Amino acid sequence: MPPADRLPTYGPGLCPVAERLVDSTLLVIDWNERYTDAHVDEIAHAVRVAVTS
């Protein structure tokens, strides 16, 4: 833990494998507590179609 009067700094290159995976494979889907089961089914279907195309 750094001293309380200093914030840690994190820059590019600290975790190159994770950074590469985030840049090339991460899918971010905005989520909302008002989504219905039908919404979730539609999103899942769209992701499946995109991945298998």
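Here is a short walk through this predicted model, one selection at a time.

**Stop 1: the whole chain**

Start with everything shown as cartoon. You should find 2 helices and 0 strands. The radius of gyration is 18 Å, while the globule rule gives 10 Å for 53 residues, so the protein is more spread out than a compact globule. Turn the view along the principal axes and the C-alpha atoms fill a box of roughly 50 × 30 × 10 Å.

Now switch on the surface. About 5,200 Å² is exposed, and carbon and sulfur atoms supply 61% of that area. How many of the 53 residues count as buried? The share is 0%.

**Stop 2: the segment before α1**

Select L7, which sits in the segment before α1. Its relative accessibility is 74%, and because anything over 50% is called exposed, L7 is in that class. Draw a distance from L7 to N32: the two are 25 residues apart in sequence, and their C-alpha atoms are 32 Å apart in space.

Next, pick L14, also placed in the segment before α1. L14 counts as exposed too, at 55% relative accessibility. Try another distance here, from L14 to R34. With their positions 20 residues apart along the chain, the C-alpha separation comes to 37 Å.

**Stop 3: the loop and W31**

Move on to the loop between α1 (16-25) and α2 (37-52), and select W31 there. Is the W31 side chain buried or exposed? With a relative accessible area of 54%, W31 is exposed.

Keep W31 on screen and add Y35. The count of aromatic pairs comes to 1, and this is the pair: W31 and Y35 meet edge-to-face, 5.1 Å centre to centre, with 75 degrees between the planes. Why is that called edge-to-face? Because the label goes to planes over 60 degrees apart, and the W31–Y35 angle is 75 degrees. As for cover, Y35 is partly exposed, with a relative accessible area of 31%, whereas W31 is exposed at 54%.

**Stop 4: the patch around the pair**

Extend the selection to L27, I29, W31, Y35 and V40, and colour them on the surface. Together they form a nonpolar patch with about 480 Å² of accessible area. Both rings of the edge-to-face pair, W31 and Y35, belong to this patch.

**Stop 5: α2**

Finish on α2, which runs over 37-52. Measure from end to end: at 1.5 Å a residue, its 16 residues should span 22 Å, and the end C-alpha atoms are indeed 22 Å apart, which agrees. Then colour the helix by accessibility. The number of buried residues among the 16 is 0, so α2 lies largely in the open.

Note on methods:
Residues are numbered from 1 along each chain as its sequence is written. This is a predicted model: local features need pLDDT of at least 70, side-chain atom pairs count only at pLDDT 80 or more; totals for chains, interfaces and linings use all residues. Side-chain values use heavy atoms; hydrogens and water are left out. Patches are made of residues with over 30% relative accessible area and no salt bridge: like charges are joined within 9 Å, nonpolar side chains (Val, Leu, Ile, Met, Phe, Trp, Tyr) within 5 Å. Accessible areas come from the Shrake-Rupley method with a 1.4 Å probe; for residues, only the protein chains shown count as cover. A salt bridge is a side-chain nitrogen of Lys or Arg within 4 Å of a carboxyl oxygen of Asp or Glu. Helices (H or I, at least four residues) and strands (E, at least two) are DSSP runs, numbered from the N terminus. Buried means under 20% relative accessible area, exposed over 50%, partly exposed in between (1.4 Å probe, protein chains only). Rings of Phe, Tyr and Trp (its six-membered ring) pair if their centres lie within 6.5 Å; planes under 30 degrees apart count as stacked, over 60 as edge-to-face and the rest as tilted. The radius of gyration is taken over C-alpha atoms; the globule rule is 2.2 Å times the number of residues to the power 0.38. The expected span of a helix is 1.5 Å times one less than its number of residues.
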